[in-house]
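Welcome! Here is a short guided tour to help you find your way around a structure you have not met before. Have the view open and follow along topic by topic.

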Amino acid sequence: MSEIGIGLVGYKFMGRAHSNAWRQVAHFFDVDPAPRLRAICGRDEQATAQAAKQLGWEGYETDYHRLLARDDIQLVDVATPGNTHCEIGVAALEAGKHVLCEKPLANTLEEARRMVEAARKAGTVNMVDFNYRRAPAVQLAKQLIEEGRIGEIRHFRGTYLQDWIVDPEFPITWRLRRETAGSGALGDIAAHVIDLAMFLVGPIAELSATLKTFIKERPVETASTGGSGLQAARGAERGEVTVDDAAAFIAYFENGAMGTFEATRLAPGRRNRNSFEINGSLGSIVWDLERLNELEVFFADDPQGAQGFRTINVTEPVHPYAGAYWPAGHILGYEHTFVNTFKDLLDGVRENRSPAPTFEDGYKVQAVLDAVERSAQSRQWTKPEYELS
Ligand code: SOE
(Lines give C-alpha, C1' and ligand atoms only; values in the text may rest on other atoms or scores of the structure.)
Protein backbone atom coordinates (compact mmCIF):
# COMPACT_ATOMS: atom_id res chain seq x y z
CA MET A 1 0.00 0.00 0.00
CA SER A 2 1.31 3.47 -0.84
CA GLU A 3 1.29 6.48 1.48
CA ILE A 4 0.38 10.13 1.06
CA GLY A 5 1.78 12.83 3.36
CA ILE A 6 -0.87 15.11 4.81
CA GLY A 7 -0.34 18.66 6.06
CA LEU A 8 -3.24 20.20 7.98
CA VAL A 9 -3.55 23.96 8.47
CA GLY A 10 -5.70 24.74 11.52
CA TYR A 11 -5.86 22.97 14.85
CA LYS A 12 -9.06 24.06 16.59
CA PHE A 13 -12.56 22.62 16.10
CA MET A 14 -12.19 21.60 12.44
CA GLY A 15 -8.53 20.75 13.02
CA ARG A 16 -9.63 18.21 15.61
CA ALA A 17 -12.44 16.81 13.45
CA HIS A 18 -10.10 16.48 10.45
CA SER A 19 -7.23 14.99 12.47
CA ASN A 20 -9.57 12.34 13.82
CA ALA A 21 -10.75 11.47 10.32
CA TRP A 22 -7.21 11.29 8.95
CA ARG A 23 -6.27 8.99 11.84
CA GLN A 24 -9.32 6.75 11.40
CA VAL A 25 -9.89 6.46 7.67
CA ALA A 26 -7.38 3.67 6.94
CA HIS A 27 -8.61 1.70 9.95
CA PHE A 28 -12.08 1.33 8.46
CA PHE A 29 -11.60 1.58 4.69
CA ASP A 30 -9.06 -0.03 2.36
CA VAL A 31 -7.59 3.23 1.19
CA ASP A 32 -4.58 3.39 -1.08
CA PRO A 33 -2.75 5.69 -0.62
CA ALA A 34 -3.06 5.62 3.14
CA PRO A 35 -2.65 9.01 4.86
CA ARG A 36 0.45 9.74 6.88
CA LEU A 37 -0.12 12.59 9.32
CA ARG A 38 3.09 14.51 8.62
CA ALA A 39 2.46 17.95 10.07
CA ILE A 40 -0.19 20.23 11.52
CA CYS A 41 0.25 23.98 11.12
CA GLY A 42 -0.76 26.97 13.25
CA ARG A 43 0.76 30.32 14.18
CA ASP A 44 0.86 29.84 17.95
CA GLU A 45 3.82 27.52 18.45
CA GLN A 46 2.94 26.26 21.91
CA ALA A 47 -0.67 25.50 20.97
CA THR A 48 0.32 23.91 17.65
CA ALA A 49 2.96 21.69 19.28
CA GLN A 50 0.39 20.62 21.85
CA ALA A 51 -2.17 19.92 19.10
CA ALA A 52 0.36 17.87 17.14
CA LYS A 53 0.92 15.70 20.20
CA GLN A 54 -2.72 15.36 21.15
CA LEU A 55 -4.12 14.87 17.65
CA GLY A 56 -1.52 12.37 16.41
CA TRP A 57 0.68 14.36 14.01
CA GLU A 58 4.35 13.51 13.49
CA GLY A 59 5.34 17.16 13.68
CA TYR A 60 4.20 20.74 13.25
CA GLU A 61 4.94 23.94 11.38
CA THR A 62 4.16 27.52 12.37
CA ASP A 63 4.19 28.98 8.86
CA TYR A 64 2.07 27.43 6.12
CA HIS A 65 4.71 28.33 3.51
CA ARG A 66 7.05 25.88 5.21
CA LEU A 67 4.35 23.22 5.06
CA LEU A 68 3.96 23.81 1.32
CA ALA A 69 7.71 23.61 0.74
CA ARG A 70 7.91 20.10 2.17
CA ASP A 71 8.33 17.24 -0.31
CA ASP A 72 6.97 14.69 2.15
CA ILE A 73 3.54 16.43 2.07
CA GLN A 74 1.41 15.88 -1.03
CA LEU A 75 -2.04 16.84 0.28
CA VAL A 76 -2.85 20.07 2.12
CA ASP A 77 -5.99 20.27 4.22
CA VAL A 78 -7.17 23.85 4.85
CA ALA A 79 -9.25 24.01 8.06
CA THR A 80 -8.84 27.69 8.94
CA PRO A 81 -11.30 30.63 9.07
CA GLY A 82 -12.71 31.59 5.66
CA ASN A 83 -10.57 34.69 5.13
CA THR A 84 -7.46 32.53 4.67
CA HIS A 85 -8.91 29.79 2.41
CA CYS A 86 -8.10 31.58 -0.84
CA GLU A 87 -4.55 32.56 0.07
CA ILE A 88 -3.55 29.17 1.48
CA GLY A 89 -5.56 27.12 -1.03
CA VAL A 90 -4.14 28.91 -4.08
CA ALA A 91 -0.58 28.73 -2.71
CA ALA A 92 -0.98 25.00 -2.03
CA LEU A 93 -2.28 24.38 -5.54
CA GLU A 94 0.58 26.41 -6.99
CA ALA A 95 2.97 24.26 -4.98
CA GLY A 96 1.50 21.22 -6.76
CA LYS A 97 -0.41 19.82 -3.77
CA HIS A 98 -3.80 18.14 -3.68
CA VAL A 99 -6.10 20.39 -1.63
CA LEU A 100 -9.04 19.78 0.67
CA CYS A 101 -10.72 23.00 1.83
CA GLU A 102 -13.24 23.54 4.64
CA LYS A 103 -16.61 25.06 3.71
CA PRO A 104 -17.62 27.50 2.47
CA LEU A 105 -14.91 27.53 -0.20
CA ALA A 106 -14.15 31.24 0.27
CA ASN A 107 -15.46 34.47 1.72
CA THR A 108 -16.37 36.02 -1.63
CA LEU A 109 -17.30 34.87 -5.11
CA GLU A 110 -14.17 36.50 -6.49
CA GLU A 111 -11.95 34.51 -4.11
CA ALA A 112 -13.79 31.32 -5.01
CA ARG A 113 -13.22 32.06 -8.71
CA ARG A 114 -9.48 32.46 -8.08
CA MET A 115 -9.44 29.12 -6.26
CA VAL A 116 -11.19 27.34 -9.13
CA GLU A 117 -8.77 28.87 -11.63
CA ALA A 118 -5.78 27.76 -9.55
CA ALA A 119 -7.26 24.27 -9.23
CA ARG A 120 -7.76 23.98 -12.97
CA LYS A 121 -4.19 25.09 -13.60
CA ALA A 122 -2.70 22.78 -10.98
CA GLY A 123 -4.46 19.67 -12.24
CA THR A 124 -4.17 18.09 -8.79
CA VAL A 125 -7.12 16.77 -6.82
CA ASN A 126 -9.39 19.25 -5.01
CA MET A 127 -12.43 18.92 -2.80
CA VAL A 128 -14.55 21.07 -0.47
CA ASP A 129 -15.42 19.62 2.91
CA PHE A 130 -19.22 19.74 2.85
CA ASN A 131 -19.15 16.75 5.16
CA TYR A 132 -22.90 16.19 5.63
CA ARG A 133 -23.23 14.84 2.09
CA ARG A 134 -21.44 11.77 3.37
CA ALA A 135 -23.83 10.87 6.18
CA PRO A 136 -25.04 7.41 5.09
CA ALA A 137 -28.68 8.56 5.36
CA VAL A 138 -28.06 11.50 3.03
CA GLN A 139 -26.43 9.17 0.51
CA LEU A 140 -29.44 6.86 0.80
CA ALA A 141 -31.73 9.84 0.15
CA LYS A 142 -29.73 10.54 -2.99
CA GLN A 143 -30.06 6.92 -4.13
CA LEU A 144 -33.82 6.90 -3.54
CA ILE A 145 -34.23 10.14 -5.48
CA GLU A 146 -32.13 8.80 -8.37
CA GLU A 147 -34.13 5.58 -8.44
CA GLY A 148 -37.28 7.71 -8.80
CA ARG A 149 -38.77 6.45 -5.53
CA ILE A 150 -40.26 9.85 -4.66
CA GLY A 151 -40.98 10.83 -8.25
CA GLU A 152 -40.66 14.35 -9.52
CA ILE A 153 -39.37 16.66 -6.80
CA ARG A 154 -41.64 19.57 -5.94
CA HIS A 155 -40.43 20.87 -2.60
CA PHE A 156 -37.12 21.13 -0.79
CA ARG A 157 -37.50 22.53 2.73
CA GLY A 158 -34.16 22.99 4.46
CA THR A 159 -33.33 24.53 7.81
CA TYR A 160 -30.14 24.78 9.81
CA LEU A 161 -30.85 26.00 13.33
CA GLN A 162 -28.36 26.60 16.13
CA ASP A 163 -28.39 28.64 19.34
CA TRP A 164 -24.81 29.23 20.39
CA ILE A 165 -24.98 33.04 20.03
CA VAL A 166 -28.42 33.49 21.55
CA ASP A 167 -26.88 35.19 24.61
CA PRO A 168 -26.39 38.89 23.69
CA GLU A 169 -23.29 38.83 25.89
CA PHE A 170 -21.67 36.15 23.69
CA PRO A 171 -18.62 37.99 22.34
CA ILE A 172 -17.62 38.89 18.81
CA THR A 173 -15.41 35.97 17.77
CA TRP A 174 -14.05 35.61 14.23
CA ARG A 175 -17.35 34.00 13.23
CA LEU A 176 -19.18 37.28 13.93
CA ARG A 177 -16.89 39.47 11.85
CA ARG A 178 -17.36 39.94 8.13
CA GLU A 179 -13.65 40.35 7.42
CA THR A 180 -12.87 36.90 8.86
CA ALA A 181 -16.04 34.85 8.28
CA GLY A 182 -17.43 36.51 5.12
CA SER A 183 -20.97 36.25 6.46
CA GLY A 184 -22.77 34.87 9.51
CA ALA A 185 -25.36 32.09 9.61
CA LEU A 186 -25.43 32.38 5.82
CA GLY A 187 -21.91 31.17 5.00
CA ASP A 188 -21.44 29.16 8.16
CA ILE A 189 -24.54 26.96 8.12
CA ALA A 190 -26.93 27.91 5.28
CA ALA A 191 -24.00 26.92 3.03
CA HIS A 192 -24.44 23.31 4.22
CA VAL A 193 -28.14 23.36 3.37
CA ILE A 194 -27.45 24.86 -0.05
CA ASP A 195 -24.87 22.18 -0.76
CA LEU A 196 -27.28 19.43 0.31
CA ALA A 197 -30.08 20.96 -1.76
CA MET A 198 -27.96 21.18 -4.89
CA PHE A 199 -26.63 17.64 -4.30
CA LEU A 200 -30.10 16.17 -3.88
CA VAL A 201 -32.31 18.33 -6.07
CA GLY A 202 -30.03 20.21 -8.49
CA PRO A 203 -28.93 23.78 -9.23
CA ILE A 204 -30.84 26.74 -7.79
CA ALA A 205 -32.09 29.00 -10.59
CA GLU A 206 -33.26 32.08 -8.68
CA LEU A 207 -34.05 33.20 -5.19
CA SER A 208 -35.49 35.92 -3.01
CA ALA A 209 -33.73 36.40 0.30
CA THR A 210 -33.59 38.29 3.56
CA LEU A 211 -30.83 38.60 6.15
CA LYS A 212 -31.17 39.88 9.69
CA THR A 213 -28.80 40.85 12.47
CA PHE A 214 -30.83 40.95 15.70
CA ILE A 215 -27.98 41.65 18.11
CA LYS A 216 -25.97 44.43 16.55
CA GLU A 217 -23.49 45.03 19.34
CA ARG A 218 -21.69 42.56 21.55
CA PRO A 219 -18.70 42.44 23.88
CA VAL A 220 -15.39 42.19 22.06
CA GLU A 221 -13.60 38.87 22.48
CA THR A 222 -10.50 39.04 24.66
CA ALA A 223 -7.31 38.51 22.70
CA SER A 224 -6.34 35.32 24.44
CA THR A 225 -9.25 33.11 23.33
CA GLY A 226 -9.64 32.87 19.52
CA GLY A 227 -10.06 29.31 18.31
CA SER A 228 -13.21 27.60 17.17
CA GLY A 229 -15.26 30.74 17.63
CA LEU A 230 -17.98 28.77 19.41
CA GLN A 231 -16.64 29.51 22.90
CA ALA A 232 -14.91 32.66 23.93
CA ALA A 233 -14.14 35.01 26.79
CA ARG A 234 -15.40 38.57 26.61
CA GLY A 235 -13.87 41.89 27.40
CA ALA A 236 -15.55 45.05 28.71
CA GLU A 237 -15.34 46.80 25.36
CA ARG A 238 -18.27 46.46 22.94
CA GLY A 239 -18.14 46.26 19.17
CA GLU A 240 -20.38 46.01 16.13
CA VAL A 241 -21.49 42.65 14.77
CA THR A 242 -20.86 42.81 11.03
CA VAL A 243 -22.52 39.56 9.88
CA ASP A 244 -26.06 38.24 9.77
CA ASP A 245 -27.57 36.32 12.69
CA ALA A 246 -30.14 34.71 10.42
CA ALA A 247 -30.76 34.11 6.72
CA ALA A 248 -33.90 32.99 4.91
CA PHE A 249 -34.81 32.62 1.27
CA ILE A 250 -37.25 31.08 -1.11
CA ALA A 251 -35.98 29.66 -4.38
CA TYR A 252 -36.77 27.85 -7.59
CA PHE A 253 -34.49 25.06 -8.73
CA GLU A 254 -33.65 24.71 -12.42
CA ASN A 255 -35.86 21.60 -12.54
CA GLY A 256 -38.88 23.61 -11.36
CA ALA A 257 -38.90 22.45 -7.72
CA MET A 258 -39.51 25.07 -5.02
CA GLY A 259 -37.14 25.55 -2.12
CA THR A 260 -37.38 27.23 1.24
CA PHE A 261 -34.22 27.77 3.25
CA GLU A 262 -33.66 29.10 6.76
CA ALA A 263 -30.51 29.34 8.84
CA THR A 264 -30.08 30.95 12.23
CA ARG A 265 -27.79 30.79 15.22
CA LEU A 266 -30.51 32.29 17.43
CA ALA A 267 -32.97 29.40 17.87
CA PRO A 268 -32.95 28.49 21.58
CA GLY A 269 -32.79 24.74 22.13
CA ARG A 270 -31.82 23.96 18.55
CA ARG A 271 -28.23 22.96 19.08
CA ASN A 272 -27.29 21.77 15.62
CA ARG A 273 -30.47 21.00 13.75
CA ASN A 274 -29.54 20.63 10.12
CA SER A 275 -32.59 19.11 8.49
CA PHE A 276 -34.49 18.83 5.25
CA GLU A 277 -37.76 17.50 3.93
CA ILE A 278 -38.16 16.72 0.26
CA ASN A 279 -41.58 16.13 -1.25
CA GLY A 280 -41.93 14.48 -4.63
CA SER A 281 -44.90 13.35 -6.69
CA LEU A 282 -44.58 9.80 -5.27
CA GLY A 283 -43.26 10.28 -1.77
CA SER A 284 -41.27 12.25 0.77
CA ILE A 285 -37.89 12.04 2.49
CA VAL A 286 -36.91 13.66 5.79
CA TRP A 287 -33.49 13.89 7.47
CA ASP A 288 -32.22 15.60 10.61
CA LEU A 289 -28.54 15.71 11.57
CA GLU A 290 -29.42 15.36 15.26
CA ARG A 291 -30.73 11.87 14.37
CA LEU A 292 -28.24 11.31 11.61
CA ASN A 293 -28.56 7.55 11.29
CA GLU A 294 -32.25 7.78 10.47
CA LEU A 295 -34.02 8.53 7.23
CA GLU A 296 -37.77 9.04 7.32
CA VAL A 297 -39.53 8.06 4.13
CA PHE A 298 -43.07 8.00 2.81
CA PHE A 299 -43.82 6.10 -0.39
CA ALA A 300 -47.18 6.65 -2.05
CA ASP A 301 -46.96 3.17 -3.63
CA ASP A 302 -47.06 1.41 -0.26
CA PRO A 303 -50.30 -0.60 0.06
CA GLN A 304 -53.31 1.49 1.01
CA GLY A 305 -54.07 1.17 4.68
CA ALA A 306 -50.40 0.48 5.44
CA GLN A 307 -49.15 3.85 4.28
CA GLY A 308 -47.32 6.23 6.55
CA PHE A 309 -43.90 7.62 7.27
CA ARG A 310 -41.41 4.98 8.31
CA THR A 311 -37.94 5.35 9.72
CA ILE A 312 -35.03 3.52 8.15
CA ASN A 313 -32.08 2.96 10.47
CA VAL A 314 -29.32 3.55 7.92
CA THR A 315 -26.73 1.23 9.45
CA GLU A 316 -27.17 -1.94 7.37
CA PRO A 317 -24.17 -3.29 5.44
CA VAL A 318 -26.02 -2.44 2.19
CA HIS A 319 -26.16 1.23 3.11
CA PRO A 320 -23.51 3.64 1.81
CA TYR A 321 -20.34 3.61 3.99
CA ALA A 322 -22.16 1.90 6.88
CA GLY A 323 -20.81 -1.60 6.17
CA ALA A 324 -17.25 -0.41 6.75
CA TYR A 325 -17.94 0.22 10.43
CA TRP A 326 -20.01 -1.85 12.86
CA PRO A 327 -22.80 -4.43 12.72
CA ALA A 328 -26.28 -3.10 11.81
CA GLY A 329 -27.82 -0.86 14.45
CA HIS A 330 -24.45 0.20 15.88
CA ILE A 331 -24.89 3.81 15.03
CA LEU A 332 -22.44 6.32 13.58
CA GLY A 333 -21.82 9.92 14.60
CA TYR A 334 -20.83 13.38 13.39
CA GLU A 335 -17.16 12.43 13.03
CA HIS A 336 -17.91 9.64 10.55
CA THR A 337 -19.14 12.16 7.98
CA PHE A 338 -15.53 13.39 7.84
CA VAL A 339 -14.05 9.88 7.71
CA ASN A 340 -16.33 9.02 4.78
CA THR A 341 -15.40 12.25 3.01
CA PHE A 342 -11.68 11.58 3.39
CA LYS A 343 -12.13 8.02 2.11
CA ASP A 344 -13.61 9.37 -1.11
CA LEU A 345 -10.89 12.01 -1.33
CA LEU A 346 -8.18 9.33 -1.08
CA ASP A 347 -9.94 7.27 -3.78
CA GLY A 348 -9.92 10.44 -5.88
CA VAL A 349 -6.18 10.85 -5.36
CA ARG A 350 -5.61 7.24 -6.46
CA GLU A 351 -7.68 7.78 -9.60
CA ASN A 352 -6.46 11.33 -10.18
CA ARG A 353 -9.99 12.78 -10.16
CA SER A 354 -11.55 15.35 -7.86
CA PRO A 355 -14.51 13.95 -5.92
CA ALA A 356 -17.63 16.06 -5.51
CA PRO A 357 -18.03 18.56 -4.06
CA THR A 358 -15.09 19.88 -6.07
CA PHE A 359 -13.92 23.48 -5.98
CA GLU A 360 -16.27 24.06 -8.92
CA ASP A 361 -19.17 22.74 -6.83
CA GLY A 362 -17.99 24.94 -3.95
CA TYR A 363 -17.97 27.88 -6.34
CA LYS A 364 -21.63 27.20 -7.17
CA VAL A 365 -22.56 27.25 -3.48
CA GLN A 366 -20.63 30.51 -3.21
CA ALA A 367 -22.62 31.88 -6.15
CA VAL A 368 -25.83 31.13 -4.24
CA LEU A 369 -24.46 32.78 -1.06
CA ASP A 370 -23.57 35.79 -3.18
CA ALA A 371 -27.04 35.86 -4.76
CA VAL A 372 -28.62 35.71 -1.28
CA GLU A 373 -26.62 38.78 -0.21
CA ARG A 374 -27.49 40.67 -3.39
CA SER A 375 -31.16 39.76 -3.12
CA ALA A 376 -31.35 40.73 0.56
CA GLN A 377 -29.81 44.08 -0.32
CA SER A 378 -31.93 44.83 -3.39
CA ARG A 379 -35.11 43.08 -2.17
CA GLN A 380 -35.38 41.56 -5.66
CA TRP A 381 -35.50 38.03 -7.05
CA THR A 382 -31.88 37.29 -8.00
CA LYS A 383 -30.04 34.64 -10.06
CA PRO A 384 -26.79 33.05 -8.88
CA GLU A 385 -23.89 33.77 -11.25
CA TYR A 386 -22.56 30.27 -11.91
CA GLU A 387 -20.60 31.08 -15.07
CA LEU A 388 -16.86 30.82 -14.74
CA SER A 389 -14.91 32.35 -17.56
C1 SOE B 1 -20.65 26.36 13.76
O2 SOE B 1 -21.81 26.99 13.41
C3 SOE B 1 -20.44 25.02 13.03
O4 SOE B 1 -19.33 24.43 13.62
C5 SOE B 1 -20.19 25.18 11.53
O6 SOE B 1 -19.07 25.98 11.28
C7 SOE B 1 -20.03 23.81 10.91
O8 SOE B 1 -19.81 23.90 9.51
C9 SOE B 1 -21.28 22.99 11.19
O10 SOE B 1 -21.11 21.72 10.65
C11 SOE B 1 -21.54 22.90 12.65
O12 SOE B 1 -21.58 24.20 13.23
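**A first look**

Proline 33 sits in the loop between α1 and β2 (34–41). A cis peptide bond links this proline to aspartate 32, with omega at about 15°. Please keep in mind that this is a predicted model. From here, the tour goes on to a second cis bond, the ligand, some helices and a few backbone details.

**A second cis bond**

- Lysine 103 and proline 104 are also joined by a cis peptide bond, and omega is about -20° here.
- Proline 104 belongs to the loop between β5 (98–102) and α5 (109–122).
- Lysine 103 is also one of the residues that surround the ligand.

**Around the ligand**

- Which residues surround the ligand? They are Phe13, Lys103, Tyr132, Tyr160, Gln162, Trp164, Arg175, Asp188, Ile189, His192, Leu230 and Asn272.
- By character, this shell splits into six nonpolar, three polar and three charged residues.
- Helix α8 (residues 185–200) supplies the largest share of the shell, with three residues.
- The side chain of tyrosine 132 places an N or O atom 2.5 Å from an oxygen atom of the ligand.
- For histidine 192, the distance from a side-chain N or O atom to a ligand oxygen atom is 2.8 Å.
- Tryptophan 164 has a polar side-chain atom 3.4 Å from an oxygen atom of the ligand.
- On its own the ligand would expose 310 Å², and the protein buries 95% of that.

**Helix α1**

- Helix α1 covers residues 13–28, which makes 16 residues.
- From its first C-alpha to its last, α1 reaches 23 Å, close to the 22 Å expected at 1.5 Å a residue.
- Where is the kink in α1 centred? The centre is tryptophan 22, and the kink is about 25°.
- Tryptophan 22 is also among the buried residues of α1. The others are Met14, Gly15, Ala17, His18, Ser19, Asn20, Ala21 and Val25.
- Phe13, where α1 begins, is part of the ligand's surroundings.

**Helix α6 and what follows**

- Helix α6 runs over residues 136–146, and nine of its 11 residues are buried, so the rest of the structure largely encloses this helix.
- Those buried residues are Pro136, Ala137, Val138, Gln139, Leu140, Ala141, Lys142, Leu144 and Ile145.
- After α6 comes glycine 148, which has a positive phi near 80°.

**Helix α9 and threonine 337**

- Threonine 337 is found in helix α9.
- Is threonine 337 buried or exposed? Threonine 337 is buried, because its relative accessible area is 1% and the cut-off for buried is under 20%.
- The side chain of threonine 337 makes a polar contact of 3.0 Å with the side chain of asparagine 131.

**Two positive phi values outside glycine**

- Tyrosine 321 has a phi near 65°, which is positive although the residue is not glycine.
- This tyrosine lies in the loop between β16 (310–313) and α9 (334–351).
- With 15% relative accessibility, tyrosine 321 counts as buried.
- Asparagine 352 is another residue other than glycine with a positive phi, in this case near 50°.
- Look for asparagine 352 in the loop between α9 and α10 (359–378).
- At 53% relative accessibility, asparagine 352 counts as exposed, whereas tyrosine 321 counts as buried.

Terms used
Residues are numbered from 1 along each chain as its sequence is written. This is a predicted model: local features need pLDDT of at least 70, side-chain atom pairs count only at pLDDT 80 or more; totals for chains, interfaces and linings use all residues. Side-chain values use heavy atoms; hydrogens and water are left out. Helices (H or I, at least four residues) and strands (E, at least two) are DSSP runs, numbered from the N terminus. The expected span of a helix is 1.5 Å times one less than its number of residues. The bend at a residue is the angle between axes fitted to the seven residues ending there and the seven starting there. Buried means under 20% relative accessible area, exposed over 50%, partly exposed in between (1.4 Å probe, protein chains only). A residue is near a molecule or strand if one of its heavy atoms lies within 4 Å of it. A polar contact is a pair of N or O atoms within 3.5 Å; within protein, one must be able to donate a hydrogen and the other to accept it, and residues adjacent in sequence count only if both atoms are side-chain atoms. Accessible areas come from the Shrake-Rupley method with a 1.4 Å probe; for residues, only the protein chains shown count as cover. Ala, Val, Leu, Ile, Met, Phe, Trp, Tyr, Cys and Pro count as nonpolar, Asp, Glu, Lys and Arg as charged, and the others, Gly among them, as polar.
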